[in-house]
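Reader: Could you walk me through this one, a few questions at a time? I would like to hear the reasoning behind each answer.

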Amino acid sequence: MEFALDQQQCDFAASIDAALGAADVPGAVRAWAAGDVAPGRKVWQQLSNLGVTALAVPEKFDGLEARPVDLVVALERLGYWCVPGPVTESIAVAPILLADDDRSAGLASGELVATVALPPHVPYAVDADTAGLVLVADEDVSDATRGDRHESVDLSRRLYEVTATGEPWQADIKRAYEFGALATAAQLVGAAEAMLHAAVEYAKQRTQFGRVIGSYQAIKHKLADVHIAIELARPLVYGAALSLEPRDVSAAKVAAGEAGLLTARSALQTHGAIGFTQEHDLSLLLLRVQALRSAWGTPEAHRRRVLEAL
């Protein structure tokens, strides 16, 4: 049997690409890192207009209650464009933790952006200083307030300790974690694809010893290896979206992280030192991949889950 995205899902991905391609997302990421979230909020408003923020929200709260595969379609494109903010937390995780909470309507409309800490694998809440809702989930779920800030390798991801406040409530925390890991894996695949495209285009321009470097077999083989790694990770991510089994989610997260790391190294080697300068957009993706590899479970933690399941 052949499994593939249907035309509606492909059109949805294309609409996200069109909207984000017309926006200055790199500028929004840099502004977000500097503490100015206004450009990033405009990007989020575009996502809201497309229905991305409503994907995981129940229909009774004006959400789409879409399938996990549809969520992966969107999150992969958001990873490709390196969208700033608590993407995984607000779009994929918070709708599950809020469950029957009326605040879910705010998530669907995009008026409310949420962030989540889910210890021990997610000890800090991303962008707790700018999110309209901060949640912490352990045995129960509670509203939370932010505490001390911790630095991330990705300057656009501000990490905060959080403390539970108010009355706790019950939610499917295990399912929320699987969605968080899956959504992060999807973003890693998208980011890897973006770096590969950037590397291929640059290899057509950069010259060495009088030839464009893309004409050298070593470069062709390196970029082909990257393409294979991405195409091996992508079906694992979509397969995990179908099963939502912890073993499948962890396998997808590990594969996506490894594909992202391999692509980051190859893209940096192709570009040379210029690729890691703050002025070059590739640097944003390099740092994002490094941060997302350990977000929602480290590679070691997910490998351990796969091993225990075998």
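**Rings, cavities and turns**

Author: Happy to, and please keep in mind that this is a predicted model. Let me start with a residue you may like: Trp81 has a relative accessible area of 25%. Buried would require under 20% and exposed over 50%, so Trp81 counts as partly exposed.

Reader: Thanks! What kind of aromatic pair do Tyr80 and Trp81 make?

Author: The ring centres of Tyr80 and Trp81 are 5.2 Å apart, and their planes meet at 70°. A pair needs centres within 6.5 Å, and planes over 60 degrees apart fall in one class. The pair of Tyr80 and Trp81 is therefore edge-to-face.

Reader: Is Tyr80 buried or exposed?

Author: The relative accessible area of Tyr80 is 17%. The limit for a buried residue is under 20%, so Tyr80 is buried.

Reader: Which charged residue lies over the face of Tyr80, and at what distance from the ring centre?

Author: Tyr80 has an arginine over its face. That residue is Arg77, and its distance from the ring centre is 4.6 Å.

Reader: How are the rings of Tyr177 and Trp296 arranged?

Author: Here the centres are 6.0 Å apart and the planes of Tyr177 and Trp296 differ by 40°. Stacked needs under 30 degrees and edge-to-face over 60, so the pair of Tyr177 and Trp296 is tilted.

Reader: Where do Tyr177 and Trp296 sit, and how many residues apart are they?

Author: Tyr177 belongs to helix 7 (residues 173–203), while Trp296 is in the loop between helix 10 (282–294) and helix 11 (299–309). Both Tyr177 and Trp296 are buried. The pair links distant parts of the chain, with a separation of 119 residues.

Reader: That loop sounds interesting. What is the relative accessible area of Gly297?

Author: Gly297 is also found in the loop between helix 10 and helix 11. Its C-alpha atom is 9.6 Å from that of Thr184, although Gly297 and Thr184 are 113 residues apart along the chain. Gly297 counts as buried, because its relative accessible area is 0%.

Reader: On to empty space: how many cavities of 30 Å³ or more are there, and what is the volume of the largest cavity?

Author: Searching the whole structure gives two cavities of 30 Å³ or more. For the largest cavity, the volume is about 90 Å³.

Reader: Which helix gives the most to the lining of the largest cavity?

Author: The lining of the largest cavity has 14 residues, and the closest to its centre are Gly85, Val87, Arg157, Gln187 and Leu292. By class, the lining has six nonpolar, five polar and three charged residues. Helix 5 (87–98), helix 7 and helix 10 supply at least two residues each. With three residues, the one that gives the most is helix 5.

Reader: How many charged residues are in the lining of the second largest cavity?

Author: The second largest cavity has a volume of about 40 Å³. Among the residues lining it are Arg149, Glu151, Asp154 and Arg157. The lining divides into two nonpolar and two polar residues, and the charged ones number five.

Reader: Now backbone details. Which peptide bond is cis, with omega near 10°?

Author: Look at the loop between strand 1 (114–117) and strand 2 (125–126), where Pro120 is placed. The cis bond, with omega near 10°, runs from Pro119 to Pro120.

Reader: Cys82 has a positive phi; is Cys82 buried or exposed?

Author: Cys82 lies in the loop between helix 4 (68–81) and helix 5. Its phi is about 60°, a positive value although Cys82 is not a glycine. Its relative accessible area is 5%, so Cys82 is buried.

Reader: And Phe209, is it buried or exposed?

Author: Phe209 is found in the loop between strand 6 (207–208) and strand 7 (211–212). Phe209 is not a glycine either, yet its phi is positive, at about 55°. With a relative accessible area of 76%, Phe209 is exposed.

Reader: Last one: over the C-terminal domain that UniProt lists, what is the helix content?

Author: An unreviewed UniProt entry lists "Acyl-CoA dehydrogenase/oxidase C-terminal" at residues 176–309. Over residues 176–309 the end C-alpha atoms are 19 Å apart and strand makes up 3%. The helix content there is 78%.

Note on methods: Residues are numbered from 1 along each chain as its sequence is written. This is a predicted model: local features need pLDDT of at least 70, side-chain atom pairs count only at pLDDT 80 or more; totals for chains, interfaces and linings use all residues. Side-chain values use heavy atoms; hydrogens and water are left out. Buried means under 20% relative accessible area, exposed over 50%, partly exposed in between (1.4 Å probe, protein chains only). Helices (H or I, at least four residues) and strands (E, at least two) are DSSP runs, numbered from the N terminus. A charge sits over a ring if NZ of Lys or CZ of Arg is within 6 Å of the ring centre and within 35 degrees of the ring normal. On a 1 Å grid over the protein atoms alone, a cavity is a set of points where a 1.4 Å probe fits but cannot get out, and a pocket is an open set with protein on both sides within 12 Å along at least five of seven lines; lining residues have an atom within 4 Å of a point. Grid points are joined across faces, edges and corners, and a volume is the space filled by probe spheres set on the points. Ala, Val, Leu, Ile, Met, Phe, Trp, Tyr, Cys and Pro count as nonpolar, Asp, Glu, Lys and Arg as charged, and the others, Gly among them, as polar. UniProt positions are given in the numbering used here, feature names are shortened, and annotations may be inferred rather than shown by experiment.
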